[in-house]
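Here are some notes to read alongside the model, set out point by point. Please keep the structure open while going through them.

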Amino acid sequence: MQPLVDNARSFPDWVARRPELFRDLAAGQAPMALFISCSDARVIPSLITGARPGDLFELRTAGNIVPPYDPDRPGGEAATIEYALCALRVRHIIVCGHSHCGAVGALVRGDDLAAMPTVRTWLQPTARELPVSHGVAHAVRRHAVAQLDALSRHPAVRDRLARDLLSLHAWYYEVDTGAVSAHAPRANGEFTPL
Ligand code: ZN
């Protein structure tokens with residue numbers, strides 16, 4: 001933990017060497033995309049994409065799951081999506097799954113999650129639909145595409161898709177190689193290198 005504290009203490013020095021960038025950031029944000037990824041510590045959206053501060057609006061959840069839209073039970077995920085679209089007018093949403101994903105791997109292996117009842121409940125809707133017979137990598141890719149379906153049922157997303165103001169993307173990131181591939185609907189739904 002101490003390295004994190006040390007860096008936070010010296011961070012103002014780093015900012016002071018980039019005064020224009022951070023003055024602009026203080027004036028507002030205009031991110032290029034909403035990036036939805038797993039909470040996994042090995043997935044670093046700004047490192048993968050080269051995004052600078054202000055470029056990505058992020059939503060991170062266990063297993064990069066987008067919960068089904070439910071107006072009676074609004075949650076942080078739906079609020080984040082709505083804000084990105086309605087307030088920040090983001091034109092792209094990227095759902096990025098990753099190799100070695102603990103959440104998807106647990107479902108593929110059929111792990112006993114009794115000791116983590118909240119995780120079990122969170123993953124339950126995914127468990128019902130996840131293809132598990134072709135391994136974790138395949139499951140992660142299909143799972144990322146399934147989140148696009150869940151996204152498209154959120155009213156703000158549906159509205160902007162209908163007006164051609166929004167594009168949805170599913171990516172797959174390999175932790176051990178850094179390679180990123182993207183779902184290509186025109187290539188039989190396969191994932192092809194970016
Ligand atoms: Zn993960």
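The points below go from the overall fold to the charged side chains and then to a single loop residue.

1. The model is a predicted one, and its protein chain holds eight helices and six strands. Followed along the sequence, these elements come in the order α-α-β-α-β-α-β-α-α-α-α-β-β-β. The radius of gyration is 18 Å, close to the 16 Å that the globule rule gives for 194 residues, so the chain is as compact as a globular protein of that length. Along the principal axes, the C-alpha trace spans about 50 × 45 × 40 Å.

2. Turning to burial and contacts, 37% of the 194 residues count as buried, while the chain exposes about 11400 Å², of which carbon and sulfur atoms supply 53%. Among the contacts with a separation of 6 or more, 62% are accounted for by residues 24 or more positions apart.

3. How far apart are the mean positions of the positive and negative charges? The chain carries 20 positive and 20 negative charges, and their mean positions are 2 Å apart.

4. The count of salt bridges comes to five, and several of them can be described individually. Asp159, Arg160 and Arg163 are linked in a network of salt bridges, in which the closest N and O atoms of Arg160 and Asp159 are 3.4 Å apart, and the side chains of Arg163 and Asp159 meet at 2.8 Å, N to O. The members of this network differ in exposure class: Arg160 counts as buried because its relative accessibility is 12%, which falls under the 20% limit, whereas Asp159 is partly exposed at 34% and Arg163 is partly exposed at 47%.

5. A further salt bridge joins the side chains of Arg73 and Asp70, with an N to O distance of 3.5 Å. Is Arg73 buried or exposed? Its relative accessible area is 68%, over the 50% limit, and therefore Arg73 is exposed; its partner Asp70, at 25% relative accessibility, counts as partly exposed.

6. Where does Ile44 lie? Ile44 is found in the loop between β1 (33–38) and α3 (45–49), and at 34% relative accessibility it counts as partly exposed, because that value sits between the 20% and 50% limits. Ile44 and Val175 are 131 residues apart in sequence, yet their C-alpha atoms are 9.9 Å apart in space.

Note on methods
Residues are numbered from 1 along each chain as its sequence is written. This is a predicted model: local features need pLDDT of at least 70, side-chain atom pairs count only at pLDDT 80 or more; totals for chains, interfaces and linings use all residues. Side-chain values use heavy atoms; hydrogens and water are left out. Helices (H or I, at least four residues) and strands (E, at least two) are DSSP runs, numbered from the N terminus. Buried means under 20% relative accessible area, exposed over 50%, partly exposed in between (1.4 Å probe, protein chains only). A salt bridge is a side-chain nitrogen of Lys or Arg within 4 Å of a carboxyl oxygen of Asp or Glu. The radius of gyration is taken over C-alpha atoms; the globule rule is 2.2 Å times the number of residues to the power 0.38. Contact means heavy atoms within 4.5 Å. Accessible areas come from the Shrake-Rupley method with a 1.4 Å probe; for residues, only the protein chains shown count as cover. Lys and Arg count as positive and Asp and Glu as negative; His and the chain ends are not counted. The place of a charge is taken as NZ of Lys, CZ of Arg, CG of Asp or CD of Glu.
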